[in-house]
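The exercises below are meant to be worked with the sequence and the coordinates side by side. Each task is followed by a solution that goes step by step.

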Amino acid sequence: MRILITNDDGIRAEGLRVLARVAKQFGEVKIAAPDRERSACSHAMTLRDPIRAVETAVEGCQAWEVDGFPVDCVNVGLELGWPEGCDLVLSGVNYGPNLGFDTTYSGTVAGAMEGAINGIFSIAVSMAIFVSGAPPHFATGEQWLCENMERLLRLPRKRLTFLNVNIPAIAFDGIAGAKMVGMGERVYEERLVQREDPWGRPYYWQGGVVVMNEEQAEKDVAAINDGYVTVTPVTLDWTDHAYLEEAQREFEEQ
Ligand code: MN
């Protein structure tokens, strides 16, 4: 199996090495990852600037350090590493969760999204580290992926659909199991913090505190709190089909 790996935490991130070690057991791995952290860049792509790619190696795999976004990395990686195409795109393992609405900000998820746009089965993987500075438990992620990658690869494939996997950042023994669940709602409060620079000018930090909506059983945001690995199928068809059905006739007959 021909595998391309990317991430948004940068080519030196521990999670990238974890994913490379896992993927090597399932096929030939090539890596294209950003030269620096690009978290929360979503599906950005470089359009007006050249993209540089420096060849290197990660966990013994041919790799390119790319001065671009995860989307750029997937396209550079496919062109340089797998010009005939590949069978699987993996993105991660991200330092931090990509649950609920995080999915829309995530560069990690965008890497898998770009794989899906290229017609390749793609999986984004994240460690759900909720507290800054808490142990990331990448070993849990590595073990879970080693034991469950085949299970993910056996799942039915659907054009334009990719998988978003979140793994609780706890000891492996604490993992309750794995659930396939829908994308929940993850809302942040106190999103913007105002501070002052040494010259008295205001500046702003974005971050915020997550507010849990308790009524989200069978959604990723709830299952991860119960200790489950969550697998959420995400489609690139952003059309709200239920709404379309409900509102189309009404709108067009006005
Ligand atoms: Mn990240």
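**Exercise 1.** In the hairpin of strand 3 and strand 4, which residue takes a positive phi, and how many residues lie between the strands?

Solution. This is a predicted model, in which local features need pLDDT of at least 70, side-chain atom pairs count only at pLDDT 80 or more, and totals for chains, interfaces and linings use all residues. Residues are numbered from 1 along each chain as its sequence is written, and side-chain values use heavy atoms, with hydrogens and water left out. Strands (E, at least two residues) and helices (H or I, at least four) are DSSP runs numbered from the N terminus. Two strands count as paired if DSSP finds at least two bridges between them; strand 3 (residues 53–58) and strand 4 (residues 61–66) have 6, in the antiparallel sense. Val-54 has Glu-65 of strand 4 as its bridge partner. There are 2 residues between the strands, and Glu-59 takes the positive phi, near 50°.

**Exercise 2.** Describe the hairpin of strand 10 and strand 11 in the manner of the first exercise.

Solution. Strand 10 (residues 192–196) pairs with strand 11 (residues 202–206) over 5 bridges, again in the antiparallel sense. Here Gln-194 is bridged to Tyr-204 in strand 11. The hairpin has 5 residues between its strands, and in the turn Gly-200 has a positive phi of about 80°.

**Exercise 3.** Which residues coordinate the manganese ion, and at what distances?

Solution. Donors are N, O and S atoms within 2.8 Å of the metal (3.2 Å for Na, K and Ca), and as water is not among the atoms, sites may look incomplete. By this criterion the ion is coordinated by Asp-8 (OD), Asp-9 (OD), Ser-39 (OG) and Asn-94 (OD1), at 2.1 to 2.3 Å. The sequence spacing of these donor residues is D-D-x29-S-x54-N. Asp-8 and Asn-94 link distant parts of the chain, 86 residues apart: Asp-8 is in the loop between strand 1 (2–6) and helix 1 (14–23), whereas Asn-94 is in strand 5 (residues 88–95). Both Asp-8 and Asn-94 are buried, where buried means under 20% relative accessible area, exposed over 50%, and partly exposed in between (1.4 Å probe, protein chains only).

**Exercise 4.** Why does the end-to-end distance of helix 5 agree with its expected span, and where is its kink centred?

Solution. The expected span is 1.5 Å times one less than the number of residues. The 16 residues of helix 5 (residues 138–153) should therefore span 22 Å, and the end C-alpha atoms are 21 Å apart, which agrees. The bend at a residue is the angle between axes fitted to the seven residues ending there and the seven starting there; helix 5 has a kink of about 50°, centred on Glu-147. Its buried residues, including Trp-144 and Leu-145, pack against helix 1, strand 5, strand 6 (121–128), strand 7 (161–168), strand 8 (177–180) and strand 13 (228–235), contact meaning heavy atoms within 4.5 Å.

**Exercise 5.** Is Ser-126 buried or exposed, and which residues does it touch?

Solution. Ser-126 is found in strand 6. Ser-126 is buried, because its relative accessible area is 0%. Not counting residues up to four places away in sequence, Ser-126 touches Val-93, Asn-94, Gly-96, Pro-97, Asn-98, Thr-108, Val-165, Asn-166 and Ile-167. Among these is Asn-94, which also coordinates the manganese ion through OD1.
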